[in-house]
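Morning, everyone. I have one structure to go through today, and I will keep to what can be computed from its atoms.

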Amino acid sequence: MGAYILMNSLTIINERINKTPNLLIARRNKNDGSIFSQIILAAPDIAQDEYREKFSTKNLSKLANNITLYSADNDWALKTSRLVNIPIEGTSQARLGDSTKEFFVVEGMDTIDTRKRIDAQIFGHSFYAEYSSLLSDIHMLLNYEASPDDRMLQKVIDSKGNALWFIREY
């Protein structure tokens, strides 16, 4: 739910910038034209199609220099959300942070999958705050603006030819 609120807020900021080009100009000058250096989505509970239609990286390009998605293949909260949202969304679309069947990879976003088996406590959704390898990766991203190739990640090419990364244990 936090990612959905964040994404809606960023969309509103983006719309206001389009209407008022000088809005937050000092911040944008500091970050090479963007308001934020990084936007991090950790296990976002947003339908993949909704992201493409409503939030796509094109809409967020003025807001951040980089967008990073962290996903997992056994986050039970996201699996449950997929089922609960069928009557609301009319589809059983996977959530952005759920890599059970496939990875969500789009241009302009770095997709990083944990490949770690998540404990069942709190449906596995809170493990992101306690997983030291993931926290180390976020540290490198935020403090050094290191690209995925410069962090302790394993680069993988999926069946569609897209690059994504797996967190390595260290």
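I will take the sheet, then the cores, then the salt bridges, and end with two backbone angles. Keep in mind that this is a predicted model.

Start with the sheet. There are five strands in an open sheet, their order is 1-2-3-5-4, and the pairing is mixed. Which strands stand at the edges? Strand 1 and strand 4 do, and each has a single partner strand, so one side of each has no neighbour in the sheet. From one strand to the next, the twist averages 30°.

One pairing deserves a closer look. Strand 3 and strand 5 run in the parallel sense, joined over two bridges. Across that pair, Ile112 stands opposite Trp165 in strand 5. Please remember those two residues, as they come back with the cores.

A helix also packs on this sheet. Helix 7, residues 132-144, lies across strand 1, strand 2, strand 3, strand 4 and strand 5. Relative to strand 2, which covers 64-71, helix 7 runs at about 175°.

Now the cores. The largest nonpolar core has 19 residues, and Met7, Tyr51 and Met109 are those with the most contacts inside it. Which elements give two or more residues to this core? They are helix 1, strand 1, helix 3 and strand 2. Helix 1 gives the most, with four residues.

Take Met7 as the example. Setting aside neighbours within four places in sequence, Met7 is in contact with Leu41, Ile46, Tyr51, Phe55 and Leu60. There is also a second, separate core, this one of 13 residues, and it includes Leu78, Ile112, Ile138 and Trp165. So the two residues that I asked you to remember, Ile112 and Trp165, are both in that second core.

Tyr51 and Phe55, from the contact list of Met7, bring us to helix 3. Which residues of helix 3 are buried? Gln48, Glu50, Tyr51 and Phe55 are. These four span an arc of only 160° around the axis, which means that they sit on the same side of helix 3.

That leads to the charged residues, some of which are in helix 3 too. As background, side chains of opposite charge can pair when their charged atoms come close. How many salt bridges are there? The count is four, and I will go through three of them.

The first is in helix 3. Asp49 and Arg52 form a salt bridge, at 3.5 Å from N to O. Both belong to helix 3 and are three residues apart, about one turn of the helix. In general, an α-helix has 3.6 residues a turn, so residues three or four places apart point the same way. As for accessibility, Asp49 is partly exposed at 37%, and Arg52 is partly exposed at 41%.

The next one is between Asp45 and Arg95, whose closest N and O atoms are 2.7 Å apart. This pair links distant parts of the chain, 50 residues apart. Asp45 is in the loop between strand 1 and helix 3, and Arg95 is in the loop between helix 6 and strand 3. Is each partner buried or exposed? Arg95 is buried, at a relative accessible area of 2%, whereas Asp45 is partly exposed at 24%. The cut-off for buried is under 20%.

The last one I will show joins Glu102 to Lys160, with 3.6 Å between the closest N and O atoms. Glu102 sits in the loop between helix 6 and strand 3, and Lys160 in the loop between strand 4 and strand 5, so the pair ties together parts that are 58 residues apart in sequence. Here Glu102 is partly exposed at 38%, and Lys160 is exposed at 64%.

Finally, the backbone. Most residues other than glycine have a negative phi. Leu24 has a positive phi of about 55° although it is not a glycine. Leu24 is in the loop between helix 1 and helix 2, and is partly exposed at 41%.

Ala43 also has a positive phi, near 55°. Ala43 belongs to the loop between strand 1 and helix 3. With a relative accessible area of 4%, Ala43 is buried. That is the end of my list.

Terms used: Residues are numbered from 1 along each chain as its sequence is written. This is a predicted model: local features need pLDDT of at least 70, side-chain atom pairs count only at pLDDT 80 or more; totals for chains, interfaces and linings use all residues. Side-chain values use heavy atoms; hydrogens and water are left out. A salt bridge is a side-chain nitrogen of Lys or Arg within 4 Å of a carboxyl oxygen of Asp or Glu. Buried means under 20% relative accessible area, exposed over 50%, partly exposed in between (1.4 Å probe, protein chains only). Two strands pair if DSSP finds at least two bridges between them. Axes are lines fitted to C-alpha atoms, for helices over the stretch in contact, and angles run from 0 to 180 degrees between N-to-C directions. Contact means heavy atoms within 4.5 Å. The arc is that of the directions from the helix axis to the C-beta atoms. A nonpolar core is a set of buried Ala, Val, Leu, Ile, Met, Phe, Trp, Tyr and Cys residues joined through side-chain atoms within 4.5 Å.
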